[in-house]
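Visitor: I have the structure up next to me. Can you walk me through it?
Guide: Sure, here goes.

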Amino acid sequence: MDYELGVIGGGNMAEAILGAAVRSGFLSADNIVVADVAAQRREKLTKELGLTCVETNDAPAACPRVLLAVKPQVMGEMLDAEAKKIRDDALVISIAAGLSTAFFDGKLNGRGRIVRVMPNTPMLVGQGASAVSGGPRATKDDVAWTRKLFTCGGGLEVEVDESLMDAVTCVSGSGPAYFFYFIEAMIQAGVEEGLTPQDALKLATQTCAGAAELLAETGEEPAELRRRVTSPGGTTQRAIETMDAKGVKDHIIAALHACAQRSRELGA
Ligand SMILES: NC(=O)c1ccc[n+]([C@@H]2O[C@H](COP(=O)([O-])OP(=O)(O)OC[C@H]3O[C@@H](n4cnc5c(N)ncnc54)[C@H](OP(=O)(O)O)[C@@H]3O)[C@@H](O)[C@H]2O)c1
């Protein structure tokens, strides 16, 4: 059986990407083969998306397009074992945080044309944000196909110079986790003020989703939208002043720089 796309690592991100590709009709489930060391992951992807799942990486590695979706920490070891199986003319897509196209070029010893992508988990619900960079030998078609793969279920992608991938990681790759962290804090405060956890969750989630939609649809600057809901002497102003006094913005900025730094370390 010839598969169009082979996937090594069938974890959360692979599930999001492949779910979007199959549900949108961009790829047929019959044309995809996924390798994962975990039986539970293989069973889930077969049951939920109808994908062919295998234990060893041989079949995915031999495909004309290969998606590498294991954690950065295990990528080098995995490629040391599998690189020889990758075709010279394969399109090889990596979503690993921090790992450069030069890293893959070295590991693959000139095999394949590398495209690097930094997606994020809202891809699971068709709302992902991805950044794409073509490696040295990647063609326009390789980049175009990859961009389509990462937006076929919705969401958006941008093409960036690879030097900006650590910046992308700290904004959108890890971004959903900051948002959940913020929501956790909103819920805690709401509950401490007397709301049920369920109502606090619903109100906080819709507020953040609605605010994001407002930002995207109006095209206004976030600072301007914030100014409009902050009446002088009012409740919002008190909250923002408290955040400023506690250095919340500075801490968030420091956290994102730390994230980018970790991305650089992973790639070093
Ligand atoms: N999660 C995010 O928000 C996010 C965002 C952007 C990019 N990424 C990138 O996406 C990649 C995957 O992340 P993830 O969150 O999807 O990780 P994950 O859920 O841990 O998925 C990786 C899967 O690969 C399996 N695996 C490990 N070694 C393998 C091997 N040698 N051959 C085949 N399968 C193997 C793992 O099994 P075991 O768990 O049993 O080891 C796991 O099921 C990472 O490189 C990450 O940097 C993630």
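Visitor: Start with the ligand. How do the residues of the shell around the ligand divide into nonpolar, polar and charged?
Guide: The shell splits into 16 nonpolar, eight polar and three charged residues. Nonpolar here covers Ala, Val, Leu, Ile, Met, Phe, Trp, Tyr, Cys and Pro; Asp, Glu, Lys and Arg are charged; the others, Gly among them, are polar.

Visitor: Which residues come nearest to the ligand?
Guide: Gly 9, Gly 11, Met 13, Ala 96 and Ala 97, out of 27 around the ligand. A residue counts as near if its C-beta atom, placed from the backbone, lies within 6 Å of the molecule.

Visitor: Which helices each supply at least two residues of the shell?
Guide: α1 (12-24) and α4 do. Helices are DSSP runs of H or I with at least four residues, strands are E runs of at least two, and both are numbered from the N terminus.

Visitor: Before I go on, what kind of model is this?
Guide: A predicted one: local features need pLDDT of at least 70, side-chain atom pairs count only at pLDDT 80 or more, and totals for chains, interfaces and linings use all residues. Residues are numbered from 1 along each chain as its sequence is written.

Visitor: Back to α4. Which of its residues are buried?
Guide: Met 75, Leu 79 and Glu 82, in a helix that covers residues 72-82. Buried means 20 or more other C-beta atoms within 10 Å of the residue's own, exposed means 12 or fewer, and partly exposed is in between, with C-beta atoms placed from the backbone.

Visitor: Why do they line one face of the helix?
Guide: Seen down the axis of α4, the buried residues fall within an arc of 75 degrees, so they line one face. The arc is taken from the directions from the helix axis to the C-beta atoms.

Visitor: And which residues are exposed on the other side of α4?
Guide: Gln 73, Val 74, Glu 77, Asp 80 and Ala 81.

Visitor: What do the buried residues of α4 pack against?
Guide: α3 (58-61), β4 (65-68) and α5 (101-108). Contact means C-beta atoms, placed from the backbone, within 7 Å.

Visitor: New topic, the sheet. What is the strand order?
Guide: β3-β2-β1-β4-β5-β6-β7-β8, an open sheet of eight strands with mixed pairing. Two strands pair if DSSP finds at least two bridges between them. The edges are β3 (52-54) and β8 (156-159), each pairing on one side only.

Visitor: How many bridges join β1 to β2?
Guide: Four, and the two strands run parallel. Gly 6, for one, has Val 33 in β2 as its bridge partner.

Technical notes. Contact = placed C-beta atoms within 7 Å.
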